[in-house]
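Work through the exercises below with the sequence and the structure side by side, and try each task before you read its solution.

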Amino acid sequence: MKFKKSALVIAMMASAILAGCHINNEMSKAQGSAQGKHGEVVVETTFSNGHIVNIDVIKQHENKVLAAAVFKDVKQAIIDNNSVDVDSISGATVTSNALKRAVENSVKAAGVTLVAAGAVAGKAQVAQPTDYTYDVVVIGAGGAGFSAGLEAMEMGSSAVIIEKMPIIGGNSLISGAEMNVAGSWVQKNMGITDSKALFMEDTLKGGDYKAILPWLRRW
Ligand SMILES: Cc1cc2nc3c(=O)[nH]c(=O)nc-3n(C[C@H](O)[C@H](O)[C@H](O)COP(=O)(O)OP(=O)(O)OC[C@H]3O[C@@H](n4cnc5c(N)ncnc54)[C@H](O)[C@@H]3O)c2cc1C
């Protein structure tokens with residue numbers, strides 16, 4: 001009987017320790033929000049033992065193209081580093097900051113103290129060639145750059161387009177895509193009389209008469 005009693009006490013102690021471990025390992029979740037470029041960004045962050053283990057972006061209205069890398073790469077960097085002190089994505093700074101602030105607010109809401117992350121396993125370094133040779137090198141992957149690169153390739157040249165931003169498209173990507181064309185079918189349908197001469201005059205005026213005339217006349 002005596003043996004059984006001590007066995008019972010040990011069993012109770014073991015289950016208490018296990019229960020404690022269970023509580024430590026328990027996941028908790030909290031939401032946080034911050035203002036993005038096009039509205040509120042809301043996240044639900046999952047924590048375990050002072051670590052961010054998952055971030056769900058549950059509401060956002062950011063530009064699909066520009067924000068894609070933020071909700072993938074910045075999110076992953078926050079999880080890997082267990083910190084919101086990570087690099088933003090150039091070209092999507094407001095969205096990057098919104099994600100970071102939203103996660104930060106979720107950490108506050110959860111009352112979690114984030115522990116220092118262990119060393120993040122670096123990506124395997126792949127040897128890259130040091131020299132590249134192309135017939136045509138285009139700087140800037142916007143509308144003009146793509147046109148130039150494609151034109152060069154269609155003429156049989158090898159071409160490369162170099163872009164400084166992590167996202168291609170430049171202003172062309174966010175433009176309204178309305179075309180200024182004199183004598184278009186839209187103008188004709190609307191009864192607007194236009195001409196190349198008027199278009200040239202408008203273009204000159206719009207550019208404070210700084211346009212290079214032979215270039216303007218070329219079209
Ligand atoms: C909000 C908005 C709405 C617009 N709406 C219209 C419209 O409705 N109709 C219209 O006709 N026009 C519109 N425009 C203007 C039109 O978008 C631009 O005139 C046109 O996109 C310019 O094209 P681009 O290729 O010269 O430049 P961009 O498309 O801006 O491309 C330039 C690229 O070069 C890159 N770059 C710059 N410097 C370097 C460097 N040193 N190294 C590497 N890369 C570099 C940039 O990051 C960028 O990606 C609009 C512009 C804006 C901003």
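**Exercise 1. Find the order in which helices and strands follow one another along the sequence.**

Solution. Reading this predicted model along its sequence gives the pattern α-β-β-β-α-α-β-α-β-α-α-α-α. The pattern is made up of eight helices and five strands. As for burial, 24% of the 219 residues count as buried, where buried means under 20% relative accessible area.

**Exercise 2. Work out the order of the three strands in the open sheet, and decide which strands stand at its edges.**

Solution. Begin with the pairs of strands: β1 is joined to β2 by nine bridges, and β2, which spans residues 40-48, is joined to β3 by seven bridges. Both pairs run antiparallel, and the order in the open sheet is β1-β2-β3. Next, count partners: β1 (27-35) and β3 (51-59) each have a single partner strand, so one side of each is left without a neighbour in the sheet, and these two strands stand at the edges. Individual bridges can then be located, including the one between G32 and V43 of β2 and the one between E44 and D56 of β3. Finally, look at the hairpin of β1 and β2, where four residues lie between the strands and G39 takes a positive phi near 125°. Neighbouring strands of the sheet are turned against each other by 25° on average, with direction ignored.

**Exercise 3. Describe how helices α2 and α3 lie against the sheet.**

Solution. Take α2 to begin with: this helix lies across β2 and β3, and runs at about 150° to β3. Helix α3 also packs on the sheet, where α3 touches β1, β2 and β3, and its direction makes about 135° with that of β1.

**Exercise 4. Decide whether α2 and α3 are parallel or oblique to each other, and say which residues make their contact.**

Solution. The axes of α2 (residues 64-81) and α3 (residues 93-110) come within 9 Å and cross at roughly 40°. Angles under 35 degrees would count as roughly parallel, and the two helices are therefore oblique to each other. The crossing in which α2 passes α3 is right-handed. On the side of α2 the contact is made by A67, V70, F71, V74, K75 and I78, while α3 contributes T95, S96, L99, K100 and V103. Sorting these residues by character gives seven nonpolar, two polar and two charged.

Notes: Residues are numbered from 1 along each chain as its sequence is written. This is a predicted model: local features need pLDDT of at least 70, side-chain atom pairs count only at pLDDT 80 or more; totals for chains, interfaces and linings use all residues. Side-chain values use heavy atoms; hydrogens and water are left out. Axes are lines fitted to C-alpha atoms, for helices over the stretch in contact, and angles run from 0 to 180 degrees between N-to-C directions. Angles under 35 degrees count as roughly parallel, over 145 as roughly antiparallel, 65 to 115 as roughly perpendicular and the rest as oblique. A crossing is left-handed if the near helix is turned anticlockwise from the far one by less than a right angle, and right-handed if clockwise. Contact means heavy atoms within 4.5 Å. Ala, Val, Leu, Ile, Met, Phe, Trp, Tyr, Cys and Pro count as nonpolar, Asp, Glu, Lys and Arg as charged, and the others, Gly among them, as polar. Two strands pair if DSSP finds at least two bridges between them. Buried means under 20% relative accessible area, exposed over 50%, partly exposed in between (1.4 Å probe, protein chains only).
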